[in-house]
Amino acid sequence: MTEHLYFSTLLRMIDERSAAFRATVAAAPSLDADVPSCPGWTLYDLANHLSEGDRFWAYIVLNTAPGDERPSKDGLAAPMERKALITWLADSTEQLLTALREAGPDRGCWAWWEPLASPHTVAAVARRRVPESLIHTYDAQLASGTPQELPTTEAGDAIEEFLATVCTGTIPWPGEPATMDYHAAEAGSWRQTVDAAGSRFTRLTAAEAAESKPTAAIYGTASEMALLMYKRIPAGSLRMEGDADLLQQLQDWD
C-alpha cells in the first residue's frame with residue numbers, strides 16, 4: 001500500500017470509528033453512565049476527551065512544527081446536552097479530517113513521542129488518532145453495556161502503532177534485557193526488545209514467529225491484543241508463554 005493510499009485509509013478509519021462512537025453516545029441510556037475502563041469518567045467525560053483531542057490535533061497539524069512548545073487545550077469543552085454534544089462530536093471529527101487533508105501526510109508538526117519509529121508528521125498523527133477513536137468507542141460501548149470486538153484491520157494497525165509510538169524510546173529498561181512477542185491471530189506477530197538502549201520493536205515473519213524463543217510471548221486475536229495493550233482486558237485472559245511477569249513489568253514501566 002502506497003503512503004498516500006495508507007493515509008487515506010487512516011482518514012477513513014478515523015471517520016468510521018468516530019461515527020461508531022457518536023452512535024454509541026446517542027443510544028446510551030445516560031451521559032452520566034460510568035466508564036468502567038476509564039475510572040472516574042462518565043460517558044460525557046469520555047466524549048469531551050475524544051472531541052477535545054480531535055480539535056487539539058487539528059490545530060497542531062496546521063499550526064506547529066517539530067520541536068515547538070506543546071500547544072494549549074484551553075477552551076475546548078464540549079456541550080453537555082446530548083443533541084448538541086453529538087453535533088459537537090461530528091464537527092470535531094470534521095475539523096480533524098479537514099486539517100489532516102489540508103496539511104497532507106508529509107508535513108512536520110509537534111508531537112509528544114520520540115521520533116524514532118513514529119516521526120513527527122501529519123501521517124503519524126493520523127495513525128495515532130485511529131486507536132484513540134477505536135479504543136474509546138469500545139469504552140463508550142462498555143459504559144452502555146454493549147461492548148463489541150474491535151474491527152480486525154483497525155485493531156491490527158493499532159497494535160503496531162502502539163509499539164511504534166508508545167513503546168519505542170530511549171529510556172533505559174531497568175531490568176535485564178528481554179524480548180516480548182505479541183501474536184495476533186489475524187494480524188501478525190511483533191517482537192518488543194527492551195534493554196539499556198530503551199525499547200524498540202520489529203514485525204516478525206511467520207517463520208520468525210514460529211522459530212522465535214523470546215523471554216515471553218502472548219497470543220490472542222487482533223482485538224484482544226489491542227485491548228490488552230491499552231489495558232482494557234487483563235493479561236490473564238490471554239494465553240502466555242515464558243516469563244509471566246514480563247508483561248506486567250512492561251505495563252508498569254514509565
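Begin by selecting helix α2, residues 43-63, in this predicted model. Its 21 residues reach 30 Å from the first C-alpha to the last, which is close to the 30 Å expected at 1.5 Å a residue. Colour the helix by accessibility and α2 appears mostly covered, with 16 of its 21 residues buried.

From α2, keep D54 displayed and add S92, a residue placed in helix α3, residues 82-103. S92 and D54 are 38 residues apart in sequence, yet their C-alpha atoms lie 5.7 Å apart in space. If neighbours within four places in sequence are left aside, S92 is in contact with S51, D54 and R55. The relative accessible area of S92 is 0%, so this serine counts as buried.

Next, select R128, which lies in helix α4, residues 122-143. Is this arginine buried or exposed? Its relative accessibility is 6%, and R128 therefore counts as buried, the limit being under 20%. Show its side chain together with that of Y230, and a polar contact of 2.5 Å can be drawn between the two. Beyond residues up to four places away in sequence, R128 touches W112, W113, E161, T165, V166 and Y230.

Stay with the sequence just after Y230 and select K231, found in the loop between α7 and β5. Most residues other than glycine have a negative phi. K231 has a positive phi of about 60° although it is not a glycine. At 52% relative accessibility this lysine counts as exposed, because the limit for that class is over 50%.

K231 leads on to Q251, a residue of helix α8. Apart from residues up to four places away in sequence, Q251 touches L228 and K231. The C-alpha atoms of Q251 and L228 are separated by 9.9 Å, while the two residues are 23 apart along the chain.

Now turn to the strands, and select β4, residues 216-220. Of its 5 residues 4 are buried, so β4 is largely enclosed by the rest of the structure. Add strand β1, residues 178-184, which runs parallel to β4 and is joined to it by 5 bridges. Within this pairing, Y182 stands opposite I218 in β4. Then add strand β5, residues 239-242, which runs antiparallel to β4 and is joined to it by 4 bridges. Here the pair to label is A216 and, opposite it in β5, G242.

A further pairing can be shown by selecting β2, residues 188-195, along with β3, residues 198-204. These strands run antiparallel and are joined by 7 bridges, and they form a hairpin with 2 residues between them. To check the register, label V194 and its bridge partner in β3, S199.

With the strands still displayed, look for the largest nonpolar core, which has 33 residues. Which residues have the most contacts inside it? They are L150, I159, L163 and Y182, and Y182 was already met opposite I218 in β4. At least two residues of this core come from each of α4, α5 (152-166), β1, β2, β4, α7 (222-229) and α8 (246-252). Centre the view on I159, which touches A184, W190, A222, M225, A226 and M229 when residues up to four places away in sequence are not counted. Apart from this core lies another, of 26 residues, among them I14, L76, L96 and A126.

Finish with the cysteines, beginning with C38. A disulfide is a covalent bond between the sulfur atoms of two cysteines. How many disulfides does a search of the whole structure find? The count is 0. The sulfur of C38 is 18 Å from the closest cysteine sulfur, that of C167, and this is too far for a bond, since the cut-off for a disulfide is within 2.5 Å. Seen from the other end, C167 is in no disulfide either, with the sulfur of C38 as its nearest cysteine sulfur. C38 has a relative accessible area of 10% and is therefore buried, and C167, at 14% relative accessibility, likewise counts as buried.

Notes. Residues are numbered from 1 along each chain as its sequence is written. This is a predicted model: local features need pLDDT of at least 70, side-chain atom pairs count only at pLDDT 80 or more; totals for chains, interfaces and linings use all residues. Side-chain values use heavy atoms; hydrogens and water are left out. Buried means under 20% relative accessible area, exposed over 50%, partly exposed in between (1.4 Å probe, protein chains only). Two strands pair if DSSP finds at least two bridges between them. The expected span of a helix is 1.5 Å times one less than its number of residues. A polar contact is a pair of N or O atoms within 3.5 Å; within protein, one must be able to donate a hydrogen and the other to accept it, and residues adjacent in sequence count only if both atoms are side-chain atoms. Contact means heavy atoms within 4.5 Å. A nonpolar core is a set of buried Ala, Val, Leu, Ile, Met, Phe, Trp, Tyr and Cys residues joined through side-chain atoms within 4.5 Å.
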